[in-house]
Amino acid sequence: MGKPHPVDVHVHQVPGGVFMRRMRSSFRYLAGILVAIVVIIVICSNGENWRPMVKDHQVTGVRDSNNVGSVTTTRMRSQCDLFSGKWVFDNESYPLYKEGQCSFMSDQLACEKYGRKNLSYQYWRWQPHHCDLPRFNATALLETLRNKRLVFVGDSLNRGQWMSLVCLVEKTIPPSRKSMEIEGSLTIFKAIEYNATIEYYWAPLLVESNSDDPVEHRIPLADRTVRVNAIERHARHWNDADFLIFNSYLWWRKPTMKVLWGSFESSDSTCEEVEMVAGYKMALKTWSDWIQMHANHSKTQIFWVSMSPSHESSEEWGATKGLKCYNETEPIFKEGYQGSGSYPIMMQAVEDAIESLSTRGIKVQLLNITQLSEYRKDAHLSIYKKQWEPLTQEQLANPVSYADCFHWCLPGVPDTWNQLLYAYIFDRSMTLS
């Protein structure tokens, strides 16, 4: 074979029109790629310096050394526990929404509307050590929820987190493109344009109980009864959800619990009194078995929100005994503070249930909001909410007597819980993509 002819690459040998057309085509191609990359970065990052890293039950984040404020001086990355940090006063970027501008705000959570004058509780930002939480982007979340269901299941604290998430996203949606419906124990917020729903299902003890009525559930404490082996009546309302966020804690706070063997309708059922923790573990076993057998593990992302602490023992943080959270205006700044308003033994029971599922190849992500919430004695409803019943003269004379130190004002602490939820949802979304 003869020598191959040399390839002449001089541009002047290519006709000018052909060359220009090729250049324009190449430019359009490259421009399209660049635009796609920018869109992916903006939507997926949702934070200036944050990159998610998952390790067991812990989400970690890192700062890019090329960004201002980085904790590193090279391209090295340092892991960060999003649940370990401190509260920083930030009245420039917080609150993330205004109470009066949330169309569906509950009177049970509207502290400003019901007389609270000191609003400093709205301006505290959770700052993890060595990294930042990703910035909440309502549009990006709604796009991720397009044609999907996100359902909170649990007690009134979970309802508060649901209300927070509704307030966080609904401000970006025109009035005619959103709705709220109540169907028994299920409350449904719908973003019509996205065909997306953010729902809340009332199940305070997770399994069936005599407190399941969404309105008439105030059973005398001594008569509170659970069917620890029955969850199907609840589960049929959320078994096809794409995101499930569970909690159950507040209604278990009593030394013992009545357990019903059989149904509430049957005269043959028997009832026994068990230690609260034993009953809690039985309920968690029923829940975890349902997760294993019925949840769509390739579709549904499952979360458990750890216990939300109360602040009823004011002497524990150095205040006068008996005042509870009444008139508190600042967080607790002692790092690692733990009061008597949370139960480590219950936390351990949840972790054991999640670990048991993990050994069976099923991932449930724990959102450990307990420690960061321990610091926030200032952010509870206290006396600033709509009261279920008229207050007596004795109560009015002693506001501490009816101060609610369990639930949280909005905007407030539950918004941070949802920022953590947001971080995990987008980490999973980016992993799957």
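## A strand pair

In strand E13, Val-274 is the bridge partner of Met-257. This is a predicted model. Strand E12 covers residues 256-261. E12 and E13 run antiparallel to each other and pair over 6 bridges.

The two strands belong to an open sheet of 4 strands. The order is E9-E10-E12-E13, and the pairing is mixed. Which strands form the edges? They are strand E9 (208-209) and strand E13 (270-275), each of which pairs on one side only.

## The whole protein

The protein has 433 residues, and 49% of them are buried. Its secondary structure includes 9 helices and 17 strands. About 21600 Å² of surface is exposed. Carbon and sulfur atoms supply 54% of that area.

Now take the contacts with a separation of 6 or more. Of these, 73% join residues that are 24 or more positions apart.

## Salt bridges across the chain

How many salt bridges does a search of the whole structure find? The count is 17. Three of the pairs are described here.

One of them joins Asp-90 and Arg-125, with the closest N and O atoms 3.0 Å apart. Asp-90 sits in the loop between E3 and E4, while Arg-125 is in strand E4. The two residues are 35 residues apart, so the pair links distant parts of the chain. Asp-90 is buried, at a relative accessible area of 12%. Arg-125 is partly exposed, at 22%.

Asp-240 and Arg-149 form another salt bridge, at 2.3 Å from N to O. This pair also links distant parts of the chain, 91 residues apart. Asp-240 lies in the loop between helix H4 (232-235) and strand E11 (243-246). Arg-149 belongs to strand E5 (residues 149-154). Is each partner buried or partly exposed? Asp-240 is partly exposed, with a relative accessible area of 40%. Arg-149 counts as buried because its relative accessibility is 17%, under the 20% cut-off.

## A buried pair and a network

Asp-404 and Lys-385 meet in a salt bridge too, at 3.0 Å from N to O. Asp-404 is in strand E17 (residues 404-408). Lys-385 is in the loop between strand E16 (380-382) and helix H8 (393-397). The partners are 19 residues apart in sequence, so their salt bridge ties those parts together. Asp-404 is buried, with a relative accessible area of 7%. Lys-385 is buried as well, at 14% relative accessibility.

Some salt bridges share partners. In this way Glu-208, Arg-227, Arg-233 and Glu-265 are joined into one network.

## Glu-99, a buried charge

Glu-99 lies in the loop between strand E3 (85-89) and strand E4 (124-128). The residue is buried, yet it has no salt bridge. Which side chain of opposite charge is nearest to Glu-99? That is Lys-113, 7.1 Å away. A salt bridge needs atoms within 4 Å, so this pair does not qualify.

What does the side chain of Glu-99 reach? It reaches the backbone nitrogen of Cys-111, at 3.4 Å. Leave aside the neighbours within four places in sequence, and Glu-99 still has several contacts. Among them are Met-105, Ala-110, Cys-111, Glu-112 and Lys-113. Tyr-121, Leu-410 and Pro-411 are also in contact with Glu-99.

Notes
Residues are numbered from 1 along each chain as its sequence is written. This is a predicted model: local features need pLDDT of at least 70, side-chain atom pairs count only at pLDDT 80 or more; totals for chains, interfaces and linings use all residues. Side-chain values use heavy atoms; hydrogens and water are left out. Buried means under 20% relative accessible area, exposed over 50%, partly exposed in between (1.4 Å probe, protein chains only). Lys and Arg count as positive and Asp and Glu as negative; His and the chain ends are not counted. A polar contact is a pair of N or O atoms within 3.5 Å; within protein, one must be able to donate a hydrogen and the other to accept it, and residues adjacent in sequence count only if both atoms are side-chain atoms. Contact means heavy atoms within 4.5 Å. Accessible areas come from the Shrake-Rupley method with a 1.4 Å probe; for residues, only the protein chains shown count as cover. Two strands pair if DSSP finds at least two bridges between them.
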